[in-house]
Amino acid sequence: MAERYDILAKVISQKGHCAAGHNVGDEWVIGSHTPEGMCIPAFNSMLPKARALMYGGALPFGDNPYVTTVACPDAQNPLVLELSRIQQ
């Protein structure tokens with residue numbers, strides 16, 4: 001079985017009003033369960049990149065292949081999350 005890493009998801013930008021009440025600085029650890037308190041649209045938008053990082057993948061965007069950003073699908077009230085692999 002492949003090594004699995006936990007992922008830290010942190011809100012780094014919020015414009016407008018987030019209907020779920022997420023704010024800059026909110027953090028969740030994504031491990032083997034859906035993180036409590038994170039809205040489904042934000043979780044769904046980050047899941048493909050989070051799973052890649054979780055199972056040893058690297059992403060070619062930016063300076064660090066183990067850190068990336070994702071945006072919530074609410075274009076009227078954009079929320080941006082930073083995903084980073086938690087090294088063990």
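## Helix 1, the antiparallel sheet and its charged residues

Helix 1, which covers residues 40-54, bends by about 50° at L47, and a proline, P48, follows within four residues. The model described here is a predicted one. Along helix 1 the buried positions are A42, F43, M46, A50, L53 and M54, and the buried residues of this helix pack against strand 1, strand 2, strand 3 and strand 4. Just after the helix, G56 adopts a positive phi of about 95°.

### The sheet

The four strands make up an open sheet in the order 2-1-4-3, with antiparallel pairing. Its edges are formed by strand 2 (27-30) and strand 3 (67-71), each of which pairs on one side only. On average, and with direction ignored, neighbouring strands of this sheet are turned by 25° against each other. As a general matter, the strands of a sheet pair through backbone hydrogen bonds, either parallel or antiparallel.

Strand 1 (residues 6-14) and strand 4 (residues 79-86) are joined in the antiparallel sense over eight bridges, and within this region Q14 has L79 in strand 4 as its bridge partner. Strand 1 and strand 2 also pair in the antiparallel sense, over four bridges, and here L8 stands opposite V29 of strand 2. The side chains of strand 2 alternate along its course: W28 and I30 point to one face and are buried, whereas E27 and V29 point to the other face and are not buried.

### Salt bridges and a buried arginine

Side chains of opposite charge can pair when their charged atoms come close. The structure holds two salt bridges, which are set out below.

| Salt bridge | Closest N to O distance |
|---|---|
| D6 with R4 | 2.9 Å |
| K10 with E27 | 3.8 Å |

The K10 and E27 side chains that meet in a salt bridge link distant parts of the chain, since K10 lies in strand 1 and E27 in strand 2, 17 residues apart. K10 is partly exposed because its relative accessible area is 31%, and E27 is likewise classed as partly exposed, with a relative accessible area of 45%. In the other pair, D6 counts as partly exposed at 26% relative accessibility, while R4 counts as partly exposed at 29%.

R85, a residue of strand 4, is buried yet has no salt bridge, and the nearest side chain of opposite charge, that of E3, is 8.1 Å away. With a salt bridge requiring a side-chain nitrogen of Lys or Arg within 4 Å of a carboxyl oxygen of Asp or Glu, the separation of 8.1 Å between R85 and E3 does not qualify. Leaving aside residues up to four places away in sequence, R85 touches Y5, D6, I7, A52, L53, G56, G57 and Y66. Among these contacts of R85 are L53 and G56; L53 is one of the buried residues of helix 1, and G56 is the residue with the positive phi just after that helix.

### The loop after helix 1

A58 is placed in the loop between helix 1 and strand 3, and it counts as partly exposed because its relative accessibility is 47%. Not counting residues up to four places away in sequence, A58 touches P65 and Y66, and Y66 is also among the residues that R85 touches. The C-alpha atoms of A58 and V29 are separated by 18 Å, the two residues being 29 residues apart along the chain.

Methods: Residues numbered from 1 in each chain as written. Predicted model: local features only at pLDDT ≥ 70, side-chain atom pairs only at ≥ 80, totals over all residues. Heavy atoms only, no water. Pairing = 2+ DSSP bridges. Helix = DSSP H or I, 4+ residues; strand = E, 2+ residues; numbered from the N terminus. Axes fitted to C-alpha atoms, helices over the stretch in contact; angles between N-to-C directions. Bend = angle between axes of the 7 residues up to and from the residue. Buried < 20%, exposed > 50% of the residue type's maximum accessible area, 1.4 Å probe, protein only. Contact = heavy atoms within 4.5 Å. Lys, Arg positive; Asp, Glu negative; His and termini not counted.
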